[in-house]
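Reader: I am new to this structure and would like to follow one part of it closely. Could you begin with the charged side chains that pair up, and then lead me slowly through one helix and what surrounds it?

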Amino acid sequence: KYLLIAHFHQNGLIRSDLVNLIRLFSKSFSQVIFISTNLKVSEKKKINKFAKIITRPNYGYDFYSWKIGLNYINRKLKDEVNKKKILFLLPSSLLYLNPHKLLREFNKIKNFKNRVYGLSRSWEICDHLQSDLFVFSSELLKQKKFLSWWNNIKKFSSRQVIIFKYEIGFSKFLDYQKIDRFPIFCDNVKDYPSSILKLIKMRILNNFFKTKKIYKKNPTHFYWKSIFKRFGIIKIELIKSNPHNVNLTGFDKIFKNPSFKNSKIEALNN
């Protein structure tokens, strides 16, 4: 197993939750690759015993960092006999309060044949896997079109362009190549009206009781409690700005834990 972390911090720091995650995962992973677009030299000593550190200029967001990490992995594995290596791609835009939970959920994934897993499935704009994490086998890198898609990632500076071309574009590419995509968090998928009767019931609730269609909205925001309970992670954007005005009842209880409180402060300064 290989872990690729796309990192950015405006002050070039590595948050303590990321350090804890890297140290934990390094015990059961072949290697952790940490790709940063802004890292102070003094910060490297926090993880240099546990991870391969790659620094690069700040463009292209997480996808470009993962591209660099995948190219490194591809060169590293080229001559290895064992083809089945599992690749885990994570961003620094999540707050990893309980990395043991995330590791446990990763270890539950067994079927990697022609599959890409993401944390969640979203219907915002259109149906796609969100780019909060990806998991897939290195065998996919042997498919020329799959590797070519990653190698063709450009140095865009617009977040919106990245979302359309790469977050949504990756799911469209997988569908076109008939590579299955699966979310490992499925609460919003279960809430999605899968039959005409469920759709009619949902429309009645929407029209007469003004019930929000949260299954169509960003699950890392609207399902944050369930995601935190199962995976031990929280989206930093939710802590910093809560752009959708999601009900954050329960946040204070989580961050009463002294170590979590420090992590929240670090996240606010990310």
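**Charged pairs and a helix among its neighbours**

Author: Glu43 has a relative accessibility of 8% and counts as buried, because the cut-off for that word is under 20%. Please keep in mind throughout that this is a predicted model. The partner of Glu43 is Lys46, and the two form a salt bridge in which the closest N and O atoms are 3.0 Å apart. Lys46, with a relative accessible area of 32%, is partly exposed, so this salt bridge joins a buried residue to a partly exposed one. As background, side chains of opposite charge can pair when their charged atoms come close.

A second pair lies within a helix. Glu105 and Lys108 meet through their side chains in a salt bridge, with 3.1 Å from N to O, and both belong to helix α3, which covers residues 99–108. They are three residues apart, or about one turn of that helix. In general, an α-helix has 3.6 residues a turn, so residues three or four places apart point the same way. Even so, the accessibility of the two partners is not alike: Glu105 is buried at 4%, whereas Lys108 is exposed at 51%.

A third pair is made by Asp127 and Arg121, whose side chains form a salt bridge at 2.7 Å from N to O. Here Asp127 is partly exposed at 26%, and Arg121 is partly exposed as well, with a relative accessible area of 25%. Elsewhere, salt bridges that share partners link Arg104, Glu105, Lys108 and Arg230 into one network, so the pair from α3 described above belongs to that network. The count of salt bridges comes to nine.

Now to the helix, α4, which covers residues 144–151. Phe146, Leu147, Trp149 and Trp150 are its buried residues to look for. They span an arc of only 155° around the axis, which means that they lie on the same side of α4. Lys144 and Lys145, on the other side of the helix, are exposed. The buried residues pack against α2 (61–77), α5 and three strands, namely β4 (86–91), β6 (115–122) and β8 (134–137).

Of these neighbours, α2 may be taken before α5. The axes of α2 and α4 come within 9 Å and cross at roughly 135°, and the two helices are therefore oblique to each other. On the α2 side the contact involves Phe63, Trp66, Lys67, Leu70, Asn71 and Asn74, while α4 contributes Leu147, Trp149, Trp150 and Asn151. Sorted by class, the residues of this contact are six nonpolar, three polar and one charged.

The other helix, α5, covers residues 159–176 and packs against α4 at an angle of about 170°, with the axes 12 Å apart. Because angles over 145 degrees count this way, α4 and α5 are roughly antiparallel to each other. Lys145, Phe146, Trp149 and Trp150 of α4 make this contact with Lys165, Tyr166, Gly169, Phe170, Phe173 and Leu174 of α5. Seven of the residues in the contact are nonpolar, one is polar and two are charged. Trp149 and Trp150, which are buried in α4, thus take part in the contact with α2 and also in the contact with α5.

Notes: Residues numbered from 1 in each chain as written. Predicted model: local features only at pLDDT ≥ 70, side-chain atom pairs only at ≥ 80, totals over all residues. Heavy atoms only, no water. Axes fitted to C-alpha atoms, helices over the stretch in contact; angles between N-to-C directions. Helix = DSSP H or I, 4+ residues; strand = E, 2+ residues; numbered from the N terminus. Parallel < 35°, antiparallel > 145°, perpendicular 65-115°, else oblique. Contact = heavy atoms within 4.5 Å. Nonpolar A, V, L, I, M, F, W, Y, C, P; charged D, E, K, R; others polar. Salt bridge = Lys/Arg side-chain N within 4 Å of Asp/Glu carboxyl O. Buried < 20%, exposed > 50% of the residue type's maximum accessible area, 1.4 Å probe, protein only. Arc of directions from axis to C-beta.
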